Amino acid sequence: MSDATPYDPRPKIESLDVIVQTVLAEIKSRGNAPELPTGLPMLDEAIWGLHRSEITVIAARTGEGKSSLAIQIASNLSQAHKRVLFLSLEMTREQVAERLLIQLTQMDAWAVRRGQGVEELLARLAPLDGFFKALQLRLVDGTGRTTEQVRHLLQQMEEVAGGVPDVLVVDFVQLATSTEAKPKQEVIEDYLGMLKELAMRYRMAVLVLAQLNREATKSPKSRPKLEHLKSSGSIEELADCVLMCWWEELGTEERPAGYKYWILVEKQRSGPVGAQIPVRFKPETLTFESVEPVVSPWQAAAGSVEDSRAGRDD
C-alpha cells in the first residue's frame, strides 16, 4: 500500500499552527529505520534512505555500476512493499528485467548473456513462484525523455495503476530531451525542475542517475566532485542529496593493485556530507554489498583516502 498523499490541485493556505501539527505528526510516525531504505546498511545510516518530496542523485562515470545500483535499490524497495516506477531512458525494460534476475539469482551475468546455465537459472527462480507478481515494481521504457511524457506517465499511473509511485527512478538524466530547441544544460535544468515539482506534488521520492563529465574520467585515481557532474549547475542546485560512485584505482600504472569501490556523500541538504561509504561490487552478479567501516566526514578531512584505507578489508 502506498503512503503517498493523493494530489490535490487546490493550493493549501493553512495557519502555521496547522502546519506545525502536521510536521509533528509526521515526526512521531518515524521509526528506528528509514521508510525508503536502499538496502545497503552503511549507506542508509549515512543518508537515512531515500526521502519523500526529495531528489537523490547517483552519479558515476560510464560503466561504473550506477544502473545496477539503482536496479538493486528499486528491487529492495519493492520487496519492502513500496510502489516503484523504474523509468529507463537508456535500456529496454527487458534488459532491466534481465539485470534484476541476475541480482536475485546471483547467476553469472556474462554466462546468462551467452545462453549458458539456463537450467540452473530456472532452478534458482523456481522458489520465487509468484514473487514477481507480488512486487509493485513497474519497468517502463520508450517514454519519459521529455517533461510532458513524464507528467503523462504519472497521470496514467494515478488513473490506471492505482496511484503514483512511492519512488520514481530515472536512468539517466542526460538523456532528457525537449520538444523545443534549447541548450542541453537548459533541457536538463527544466527536466530536473519538473521532477522536483512532481516529487513535492505527489510526496514521492525521486532517484535520478547522472553521468560525470570528461574531466572526471581523465584520472581513475581522482576522487569525483560535484563540479564533475554533466550540467553540474542545475543538478547540484536542484538535488537534495548527491551520491557519487568511485572506483578508486590502487597501485600504479606499471603495477596495478585492483580497485576499491566507494559511495561518496557529496551533498545532503538535511544531513552531514563527506562520508565515504565502502562497498563491494560483484560485477559477475551486478550486485553491491556493504563493507564496514564507513569513513566519517572528519576522517576524510583529516587525511587522504589512502591514509584512511589502513586496516580495511579489500
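**Figure 1. Lysine 82 and glutamate 35 meet in a salt bridge.** The closest N and O atoms of this pair are 3.6 Å apart; a salt bridge here is a side-chain nitrogen of Lys or Arg within 4 Å of a carboxyl oxygen of Asp or Glu. The contact ties together distant parts of the chain, 47 residues apart: lysine 82 is in the loop between α3 (66-79) and β2 (84-88), and glutamate 35 in the loop between α1 and α2. Helices (H or I, at least four residues) and strands (E, at least two) are DSSP runs, numbered from the N terminus. This is a predicted model, so to speak of local features we ask for pLDDT of at least 70, and side-chain atom pairs count only at pLDDT 80 or more, while totals for chains, interfaces and linings use all residues. Residues are numbered from 1 along each chain as its sequence is written, and side-chain values use heavy atoms, with hydrogens and water left out.

**Figure 2. Glutamate 35 also has a salt bridge with arginine 52.** Here the closest N and O atoms are 2.8 Å apart. This one again links distant parts of the chain, 17 residues apart, with glutamate 35 in the loop between α1 (16-29) and α2 (41-47) and arginine 52 in the loop between α2 and β1. How covered are the partners? Glutamate 35 counts as partly exposed because its relative accessibility is 36%, whereas arginine 52 is buried at 10%, and lysine 82 is likewise buried at 10%. (Buried means under 20% relative accessible area, exposed over 50%, partly exposed in between, with a 1.4 Å probe and protein chains only.) Salt bridges that share partners pull Glu35, Arg52, Lys82 and Asp166 into one network. The structure holds 14 salt bridges; another of them joins glutamate 94 to arginine 93 (3.6 Å, N to O), where arginine 93 is partly exposed at 44% relative accessibility.

**Figure 3. Strand β1 (residues 55-60) is mostly covered.** Of its 6 residues, 6 are buried. Ile55, Val57 and Ala59 point one way from the strand, Thr56, Ile58 and Ala60 the other way. In a regular strand the side chains alternate between the two faces of the sheet. β1 runs parallel to strand β5 (residues 205-211), with 6 bridges between them; two strands count as paired if DSSP finds at least two bridges. Alanine 59 sits opposite alanine 210 in β5. In the loop between α2 and β1 you'll find serine 53, whose phi is near 70 degrees, a positive value in a residue other than glycine.

**Figure 4. β8 and β9 make a hairpin with 4 residues between them.** Strand β8 (residues 276-282) and strand β9 (residues 287-290) are antiparallel over 4 bridges, and one bridge sets valine 279 against serine 290 in β9. Leucine 286, in the loop between the two strands, has a positive phi of about 55 degrees although it is not a glycine. At 14% relative accessibility, leucine 286 is buried.

**Figure 5. Phenylalanine 281 and phenylalanine 288 form a tilted aromatic pair.** The count of aromatic pairs comes to 6. Rings of Phe, Tyr and Trp (its six-membered ring) pair if their centres lie within 6.5 Å; planes under 30 degrees apart are stacked, over 60 edge-to-face, and the rest tilted. Phenylalanine 131 and phenylalanine 132 are an edge-to-face case, at 5.2 Å centre to centre with 80 degrees between the planes; phenylalanine 132 is partly exposed at 35% relative accessibility. Phenylalanine 281 and phenylalanine 288 are tilted, at 4.5 Å centre to centre and 35 degrees between the planes. Both of these are buried, phenylalanine 281 at 15% relative accessibility and phenylalanine 288 at 3%. Ring pairs link Trp247, Tyr261, Phe281 and Phe288 into a cluster.

**Figure 6. The second largest pocket holds about 310 Å³ of space.** A pocket, on a 1 Å grid over the protein atoms alone, is an open set of points where a 1.4 Å probe fits, with protein on both sides within 12 Å along at least five of seven lines; lining residues have an atom within 4 Å of a point. Its lining is Met91, Gln95, Glu98, Arg99, Ile102, Ala109, Trp110, Arg113 and Leu286. Two or more of these residues come from each of α4 (93-105) and α5 (109-113), and α4 gives the largest share, 4 residues.

**Figure 7. The peptide bond from aspartate 171 to phenylalanine 172 is cis.** Its omega is near -5 degrees. Phenylalanine 172 belongs to the loop between β4 (167-171) and α9 (184-202).

Technical notes: Points joined across faces, edges and corners; volume = space filled by probe spheres on them.
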